[in-house]
Amino acid sequence: MYSFIPEKIYYEKNVEDYELGKQLFEKYKDVPKIQIESHNNILEMRQKSNIDFVKMKKSLIIGTRKSLKYVPNKKTSDFLVPYTSSGCTAMCLYCYLVCNYNKYSYLRLFVNREQMMEKLLKTANTFDRELVFEIGSNSDLVLENTITSNLEWTINEFSKSKNGYITLPTKFDMVDNILNLDHKGRTIIRVSVNPEYIIKHVEIGTSKLEGRIRAINDLVEAGYRVGVLVAPIIMLDNWKQLYHELLEKLYDGLSEKAKKIIFFEIIFMSYSYVQNAINSEAFPNAIQIYSKELMRGTGRGKYYYKNKYLDEGKEYIVENLREFFPHNIIEYIV
Ligand code: SF4
């Protein structure tokens with residue numbers, strides 16, 4: 001059972017006014033705590049360098065979320081919703097949150113969940129069509145749930161909605177506590193998968209492939225709508241073999257019921273100058289995921305696979321996916 005005990009907690013001064021704040025203080029009563037003005041500006045953290053990245057991830061920040069502004073989205077949801085956490089305790093070498101938060105991508109928990117849910121329900125029920133809200137674009141809510149039980153609370157609360165769906169991606173397998181909830185079909189969970197070699201060497205601190213496959217089967221059995229994110233695809237030297245084996249493992253490990261209903265999303269990796277700088281200092285012995293030959297820079301510090309390789313890659317993945325899953329929907333491939 002996954003259990004995160006932070007080395008230090010930084011907290012904003014009003015968090016104990018909230019029920020969840022009180023619970024977290026009780027749960028971590030023996031952990032040293034430092035009061036801060038704002039979770040966005042922690043002096044002690046600002047003084048750290050890239051080499052401290054792993055240590056910084058062992059801290060927990062507790063505050064309230066001030067901005068609840070939704071961002072329109074065109075992939076699998078209508079809106080990206082700022083929700084109960086940002087950052088994560090894991091350390092995927094490509095983590096997209098590092099682009100937004102730099103080395104400050106440690107786990108932040110926001111205790112004003114009632115306020116966030118109120119807006120979510122109100123927005124869902126204002127529209128006369130079924131909107132999809134992505135609530136997990138800033139963190140991993142399955143991981144967060146092991147600390148706060150927020151996902152259980154969220155699924156229960158949102159099941160009361162007359163309209164709309166919530167959706168979230170995850171790289172973790174700790175789904176047992178959400179299996180028996182009466183979700184009313186309003187929650188969509190997308191489990192991200194990668195070859196075991198990549199999970200071990202790149203997705204540091206996340207769940208193993210076997211556990212994720214089990215989680216997919218259990219979620220399907222529990223009546224959730226479930227997607228599989230093959231993401232991000234990293235074009236290592238032997239990537240074709242790795243991803244072929246991954247799809248084969250999925251085919252062998254998924255239940256018949258899961259194979260019938262899962263949909264796919266496929267994302268090739270992007271990378272950035274900031275991630276490269278942090279990884280080279282914090283993980284000097286890690287495998288190299290940036291490729292000068294295969295990638296191109298955009299001028300804003302972002303790297304993408306060159307079109308030629310990306311097009312070939314997409315073709316290869318779709319072909320392989322069709323071999324094992326000929327009838328499942330591919331929502332998008334980017
Ligand atoms: S699990 Fe997700 S949020 Fe956490 S480090 Fe990996 S990519 Fe980032």
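**Walking through the sheets, a loop and the ligand shell**

Strand E16 and strand E17 (residues 302-305) run antiparallel and are joined by 3 bridges. This is a predicted model, so a good way in is to follow its strands one pairing at a time. Within this pairing, Met295 stands opposite Tyr305 in E17. Both strands belong to an open sheet of 3 strands, ordered E15-E17-E16 and paired in the antiparallel sense. Strand E15 (271-272) and E16 stand at its edges; each has a single partner strand, so one side of each has no neighbour in the sheet.

Now step back along the chain from E16. The loop between helix H12 (273-282) and strand E16 (295-297) holds Phe283. Phe283 counts as partly exposed because it has 16 C-beta neighbours inside 10 Å, where 20 or more would make a residue buried and 12 or fewer exposed. Phe283 also makes a handy bridge to another part of the chain: its C-alpha atom is separated by 9.1 Å from that of Phe53, although the two are 230 residues apart along the chain.

Let's turn to another sheet. Here 5 strands form an open sheet with mixed pairing, in the order E2-E1-E3-E8-E6. Its edge strands, E2 (33-36) and E6 (85-86), each pair on one side only. E2 pairs with strand E1 (residues 8-12) in the parallel sense, over 4 bridges, and Glu12 has Ile36 in E2 as its bridge partner.

Finally, look at the ligand. Residues surrounding the ligand include Cys88, Met91, Cys92, Cys95, Asp140, Lys171 and Glu203. The shell divides into 6 nonpolar, 2 polar and 3 charged residues.

Terms used: Residues numbered from 1 in each chain as written. Predicted model: local features only at pLDDT ≥ 70, side-chain atom pairs only at ≥ 80, totals over all residues. Near = placed C-beta within 6 Å. Nonpolar A, V, L, I, M, F, W, Y, C, P; charged D, E, K, R; others polar. Helix = DSSP H or I, 4+ residues; strand = E, 2+ residues; numbered from the N terminus. Pairing = 2+ DSSP bridges.
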